[in-house]
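Q: I'm new to this one and would like to learn how to read its features. Can you walk me through it?

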Amino acid sequence: MPDPKLDCSDLDRYMGKPMQPARMVEPFANTDIRRWVQAMHYPNRLHYDAMYAMQSRFGELVAPQSFAVSMDDGHGSAPSCIGLIPNSHMLFGGDEWWFYGPRIKGGDRVWNERIPFDYTIKDTKFAGPTCFQRGDNFYYNQHGDLVAKQRSTSIRYAQAAGEASQSDSSAAQDDPVWSDEELEALEVRKYGWIKMLHELGHAPRYWDDVVVGADLPERVFGPHSIVSFTTEWRAYTFTQWGSMHRRTDLNMAELGFVGPMAGPEQDPTEEANNPENTDGAYVGPSRGHLFPRWARYIGMPRGYGYGASMGAWITDYFAGWASEWGMVRHSVANYRSPALTGDITIMTGTILDKYLDEEGRHMVAVDCKMANQFGAVLATAKAEIELLKKPG
């Protein structure tokens with residue numbers, strides 16, 4: 001029997017059935033890749049400096065592994081939030097990724113085949129009965145090569161949970177204040193990870209040199225702001241007007257969004273009429289990220305970041321450490337809380353294991369924790385990374 005407070009019975013008719021696609025209109029350009037790494041705070045010259053990239057193993061500028069999600073019209077969450085749950089809100093709950101080898105570069109097109117996978121209902125402290133819904137994204141390039149698979153998790157919960165939070169104390173609604181001295185100290189910490197990228201250069205990180213139990217370098221960025229979150233939003237290809245052949249089956253009200261949070265986001269007819277109503281920054285459920293009023297409407301104290309961006313930060317964290325010769329082959333991340341305006345994000349990790357896998361690849365198992373300045377955990381992740389073996 002469906003829970004009367006969270007009726008998920010409509011979801012069954014979508015499970016295992018391919019969704020209507022949303023195709024990109026033009027191939028990616030190098031500037032799309034540059035815009036992405038800039039928005040994701042990933043200053044790896046391989047992905048934005050053409051002359052540097054020409055000297056790399058690729059001989060040209062390539063996209064980071066995290067870039068695949070930028071073309072999907074819902075951050076990869078579309079197959080994990082299809083179906084009607086009346087009077088509900090939605091948050092991005094996590095990602096699992098498999099990477100198969102082909103790299104994305106300027107001139108490529110990427111198609112996403114989307115299939116809803118499953119769902120389960122659990123009681124949570126946050127919202128009572130809560131639906132954890134999963135869906136698969138298969139990213140193919142124009143040659144038919146499978147670039148990556150993403151299994152996303154959406155958290156869908158009753159609207160009342162978000163509305164109740166608006167009566168809470170307003171203390172958490174104010175951004176933390178950072179002194180000039182604190183900001184200067186943050187810049188030093190940020191550069192530590194960037195310096196690691198420079199020191200690696202085009203050299204491999206060899207599997208032989210990895211020590212189990214060693215720590216990964218700390219990565220710090222922020223403080224986050226409405227400006228930084230807006231920059232992230234605009235780096236997703238689908239947020240650009242006219243960039244996608246929009247779906248005609250997307251109905252925000254049918255997804256459970258109601259009243260001021262519904263809106264015509266991604267609607268192709270309204271995009272031709274008035275695109276400011278459709279790109280998510282101003283109207284519809286995505287504006288909760290960028291407007292504190294609407295953030296509080298769904299239960300967040302102030303402007304908050306994107307789950308897909310957190311996933312990109314994690315992939316980039318692992319891939320940057322691995323060097324241009326390494327590759328993240330698999331990762332799984334759980335998102336506990338989004339990054340909030342005024343906070344910083346601190347990423348740390350550990351080498352868990354090193355081994356030869358069934359295909360004879362030299363693999364390293366790692367983990368990652370993402371926390372804010374108070375130590376509150378935002379996300380956790382684990383990954384398996386393929387590294388180069390020393391010759392001989």
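**Reading a domain and its cavities**

A: Sure. Keep in mind that this is a predicted model. Let's start with residues 29–149: the C-alpha atoms at the ends of that span are 22 Å apart, and the span is 12% helix and 37% strand.

Q: Which feature does UniProt place at residues 29–149?

A: An unreviewed UniProt entry puts "domain: FAS1-like dehydratase" there.

Q: How do I look for empty space, and how many cavities of 30 Å³ or more are there?

A: The general idea is that a probe the size of a water molecule, rolled over the atoms, shows where empty space is left. In this model, the count is 2 cavities of 30 Å³ or more.

Q: What is the volume of the largest cavity, and which residues line it?

A: Its volume is about 90 Å³. Among the residues lining the largest cavity are Ala63, Pro64, Phe99, Arg103, Val147 and Met327. Sorted by class, that lining has 9 nonpolar, 2 polar and 1 charged residues.

Q: And how much space lies in the second largest cavity?

A: About 60 Å³. Its lining includes Gln65, Asp95, Trp97, Phe99, Gln150 and Thr315. By class, you'll find 5 nonpolar, 5 polar and 1 charged residues around the second largest cavity.

Q: Which elements supply at least two residues each to that second lining?

A: Strand S2 (88–99) and helix H8 (307–322) do. H8 gives the most to the lining of the second largest cavity, with 4 residues.

Q: Where do the two linings mention Gln65 and Phe99?

A: In both: Gln65 and Phe99 line the largest cavity, and Gln65 and Phe99 also line the second largest cavity.

Terms used
Residues numbered from 1 in each chain as written. Predicted model: local features only at pLDDT ≥ 70, side-chain atom pairs only at ≥ 80, totals over all residues. Heavy atoms only, no water. UniProt positions renumbered as here; feature names shortened; annotations may be inferred. 1 Å grid on protein atoms, 1.4 Å probe; cavity = no way out; pocket = protein on both sides within 12 Å on 5 of 7 lines; lining within 4 Å. Points joined across faces, edges and corners; volume = space filled by probe spheres on them. Nonpolar A, V, L, I, M, F, W, Y, C, P; charged D, E, K, R; others polar.
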